[in-house]
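Dear colleague,

Please find below the structure that I am handing over to you. I would be grateful if you would look through it before reading the notes that come after.

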Amino acid sequence: MKVSEIIMQNMTIKELAEIKLVGFRVLCSGDQYIVEIPKASLHLSERMNEIKQVVNPIQQFGAFFVENKIAEEDGYWVGVEVKEFEDIPADMITITVPPQRYAAARHVGPNYKIMETYDLLHKWIEENNYTRLKHKWHIEKFYDWKETEKVDVELLDTIK
């Protein structure tokens, strides 16, 4: 397989329970997220030992709003799931993603091709008569993020 190929698994619907995340907020101009998110992920990996009650230290989450109504919703949050918030390092943030329903697709390939997978997922959502909830948290569940040419991520697009 060439590194430039994208592997996308079947799309499906998932219901997830509440997710508590501890990590960093990335806030930059739109074209810089592809550079800044991997930096934040590596920084979080380096500081994992400072976070208490981590559910799975080799899995990271990205969280964002497609359409933000207020400045506090702008950006992208890189975090690790925790059972409970405890002794959070001063420069880290916490967010709680409520239980939600998602359309899901898996992307394995270069990070700059994730939008192609999102395009296919959005088309599938529309074809199956679901509605994207753009003002709710959307999740990216990373299984491998250390190489930008070969990320493994489950894309979770909030729907009703």
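The paragraphs below set out what was found, beginning with confidence.

The model is a predicted one. Its mean pLDDT over the chain is 93, with 94% of residues at 70 or more. Residues 1-5 are a part to treat with care: pLDDT stays under 50 there, and the model has 8 contacts beyond four places in sequence for this stretch. Where pLDDT is low, the predicted coordinates should not be read in detail.

Turning to the interior, the largest nonpolar core consists of 29 residues. Val 26, Leu 44, Ile 51, Tyr 76, Val 78 and Leu 121 have the most contacts inside this core. At least two core residues come from each of strand 3 (19-26), helix 1 (33-46), strand 5 (76-81), strand 7 (100-109), helix 2 (114-127) and strand 9 (151-158). A second core, separate from the largest one, has 13 residues, including Leu 21, Phe 61, Val 97 and Tyr 102. To return to Ile 51, its contacts, once neighbours within four places in sequence are set aside, are Val 22, Leu 44, Val 80, Val 82 and Met 92.

The largest pocket has a volume of about 670 Å³. Its lining is made up of 28 residues, and Tyr 33, Ile 37, Tyr 76, Met 115 and Glu 140 lie nearest the centre. Two or more lining residues are given by each of helix 1, strand 4 (60-65), helix 2, strand 8 (137-144) and strand 9. Helix 1 provides the largest share, with 5 residues. By character, the lining comprises 15 nonpolar, 7 polar and 6 charged residues.

Phe 65 belongs to strand 4. This residue counts as buried because its relative accessible area is 13%, under the 20% cut-off. Apart from residues up to four places away in sequence, Phe 65 touches Glu 73, Lys 134, His 135, Lys 136 and Trp 137. Phe 65 and His 135 are 70 residues apart along the chain, yet their C-alpha atoms are separated by 5.8 Å.

Finally, two loop residues deserve a mention for their backbone angles. Gln 53, in the loop between helix 1 and strand 4, has a positive phi near 65° although it is not glycine. Asn 129, in the loop between helix 2 and strand 8, is also a residue other than glycine with a positive phi, near 60°. Gln 53 is partly exposed, at 30% relative accessibility, whereas Asn 129 is exposed, at 69%.

With kind regards

Technical notes
Residues numbered from 1 in each chain as written. Predicted model: local features only at pLDDT ≥ 70, side-chain atom pairs only at ≥ 80, totals over all residues. Heavy atoms only, no water. Core = buried A, V, L, I, M, F, W, Y, C linked by side-chain atoms within 4.5 Å. Buried < 20%, exposed > 50% of the residue type's maximum accessible area, 1.4 Å probe, protein only. Helix = DSSP H or I, 4+ residues; strand = E, 2+ residues; numbered from the N terminus. Contact = heavy atoms within 4.5 Å. 1 Å grid on protein atoms, 1.4 Å probe; cavity = no way out; pocket = protein on both sides within 12 Å on 5 of 7 lines; lining within 4 Å. Points joined across faces, edges and corners; volume = space filled by probe spheres on them. Nonpolar A, V, L, I, M, F, W, Y, C, P; charged D, E, K, R; others polar. pLDDT = per-residue confidence, 0-100.
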